[in-house]
Amino acid sequence: MKKTIVRIFFCGVAACCAIFLSGCAGDVVRKIEVCRGWGDVGAAIGELRGLSGGIDQFRVSSGSCEWVERVDGKVKEKQSFAVKLWISAPASLRMQGDIAFDPKGLLVGANSEQFWLALRPKEISGYWWGSWSQQWGGGRLVLSAEMLLESFGLIDFTDYQNWSLCHEGGFDVLVYSYARMVRKKVYIYNCDKKVSKIEYFDRSGEIYAVVELDKYIEIYDGASIASSIKVTSRVDGGVEDVFSIKIKSAKRTDYGDTQQEKLFARPPERGYKNIYRIIEGRMIEQ
């Protein structure tokens with residue numbers, strides 16, 4: 001069943017490192033300065049871990065999102081709405097989107113055990129959720145909690161042996177593979193050591209989603225985040241969904257145990273027309 005802004009995707013087969021400035025996202029070719037990169041994968045991961053190590057808990061109280069759906073290159077639908085985000089490292093996230101005059105019309109979230117996407121507008125009423133332990137790399141949505149967490153530098157490097165490093169122009173590219181399949185590529189610009197783009201691959205080895213990051217802002221000493229996040233997803237049939245998130249302000253906070261438990265708990269399923277649980281790449285209607 002086709003839902004207006006929901007596409008479910010899963011991890012998969014892949015290819016070798018792609019050139020950052022040519023690629024499926026239609027990137028604009030631009031001249032960039034080339035600086036010295038990292039010599040090995042350990043140094044690259046160590047540096048990114050150090051940069052994200054300063055991020056613990058913060059809140060985005062003022063932000064916006066523009067969603068555009070294109071079919072065969074033509075705009076089919078377009079919406080703009082306000083968003084709020086709450087982050088608690090390393091794996092908890094909540095994003096609320098004010099859609100159709102409902103401040104919780106869109107909910108994207110995760111904690112250490114589960115992830116979810118919930119949409120309340122009647123025409124697209126749906127609820128999708130899964131447990132990380134029941135996925136091959138985690139179930140993915142067109143605007144997933146995993147993508148958002150990684151957009152804020154919270155990339156999971158615990159599976160260290162499955163990461164490799166290659167170099168493309170002015171970028172170091174960290175490549176994550178599993179069972180000899182490339183699943184993800186993280187592009188780091190050598191001159192500022194910040195993540196510029198993350199690519200996600202499907203089971204056929206094709207890029208199904210691209211996250212582009214820009215305009216980093218410091219939220220407190222030693223920690224900065226991208227204030228411009230663009231998520232582009234493609235599916236069969238010439239459909240492309242683009243979410244452009246702009247962060248106007250963000251600040252460090254301390255949720256406390258009670259508030260954290262409430263913020264990052266999976267929301268109730270009641271009130272949604274269609275409810276699906278994602279298990280090993282399958283959507284099971286409940």
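I take rings of Phe, Tyr and Trp, the last by its six-membered ring, to pair if their centres lie within 6.5 Å. With that in hand I looked for groups of rings in this model, which is a predicted one, and noted that Phe-157, Trp-163 and Tyr-176 form one aromatic cluster.

**Entry: aromatic pairs**

I then asked how many aromatic pairs the structure holds. The search gave ten aromatic pairs, and I wrote down two of them in detail. For Tyr-127 and Tyr-272, I found ring centres 5.2 Å apart and planes at 65 degrees, and because planes over 60 degrees apart count as edge-to-face, I entered the pair under that heading. I also looked up where the two tyrosines sit: Tyr-127 belongs to strand β7 (residues 126-131), while Tyr-272 is in the loop between α3 (256-263) and β16 (274-279), so that the pair links distant parts of the chain, 145 residues apart. Both Tyr-127 and Tyr-272 are buried.

The other pair I followed is that of Tyr-255 and Phe-264, whose centres are 5.7 Å apart and whose planes stand at 75 degrees, so this pair too is edge-to-face. I checked the cover of each partner: Tyr-255 has a relative accessible area of 6% and is therefore buried, and Phe-264, at 4% relative accessibility, counts as buried as well.

**Entry: charges over rings**

Next I looked for lysines placed over aromatic rings. I noted Lys-193, whose charged end sits over the ring of Trp-38 at 4.5 Å from its centre, and Lys-197, which lies over the face of Tyr-187 at 4.9 Å from the ring centre.

**Entry: cysteines**

How many disulfides does a search of the whole structure find? I recorded one, joining Cys-35 to Cys-191 with an S to S distance of 1.8 Å. I read 95 degrees about the S-S bond, and the link of Cys-35 and Cys-191 is right-handed. I then placed both ends: Cys-35 lies in the loop between β1 (8-9) and α1 (41-52), and Cys-191 in the loop between β11 (181-189) and β12 (194-201), so the pair ties together parts that are 156 residues apart in sequence.

Are these cysteines buried or exposed? Since buried means under 20% relative accessible area and exposed over 50%, with partly exposed in between, I entered Cys-35 as partly exposed because its relative accessibility is 24%, and I did likewise for Cys-191, which has 30%. I also looked up Cys-65, which at 2% relative accessibility counts as buried.

**Entry: strand β6 and its neighbours**

I turned last to strand β6 (residues 114-119), and asked how many of its residues are buried. I found six of its six residues buried, and noted the strand as mostly covered. Sorting them by face, I placed Gln-114, Trp-116 and Ala-118 on one side and Phe-115, Leu-117 and Leu-119 on the other, and both faces are covered.

I then traced the strands with which β6 pairs. Strand β5 (residues 102-110) runs antiparallel to β6 and is joined to it by five bridges, with Gly-109 standing opposite Trp-116 in β6; a hairpin connects β5 to β6 through three residues. With β7, the strand that holds Tyr-127, I found that β6 pairs in the antiparallel sense over six bridges, and that Gln-114 has Ser-131 in β7 as its bridge partner. β6 and β7 also form a hairpin, with six residues between them.

Definitions and conventions:
Residues are numbered from 1 along each chain as its sequence is written. This is a predicted model: local features need pLDDT of at least 70, side-chain atom pairs count only at pLDDT 80 or more; totals for chains, interfaces and linings use all residues. Side-chain values use heavy atoms; hydrogens and water are left out. A disulfide is a pair of cysteine sulfur atoms within 2.5 Å. Helices (H or I, at least four residues) and strands (E, at least two) are DSSP runs, numbered from the N terminus. Buried means under 20% relative accessible area, exposed over 50%, partly exposed in between (1.4 Å probe, protein chains only). Rings of Phe, Tyr and Trp (its six-membered ring) pair if their centres lie within 6.5 Å; planes under 30 degrees apart count as stacked, over 60 as edge-to-face and the rest as tilted. A charge sits over a ring if NZ of Lys or CZ of Arg is within 6 Å of the ring centre and within 35 degrees of the ring normal. Two strands pair if DSSP finds at least two bridges between them.
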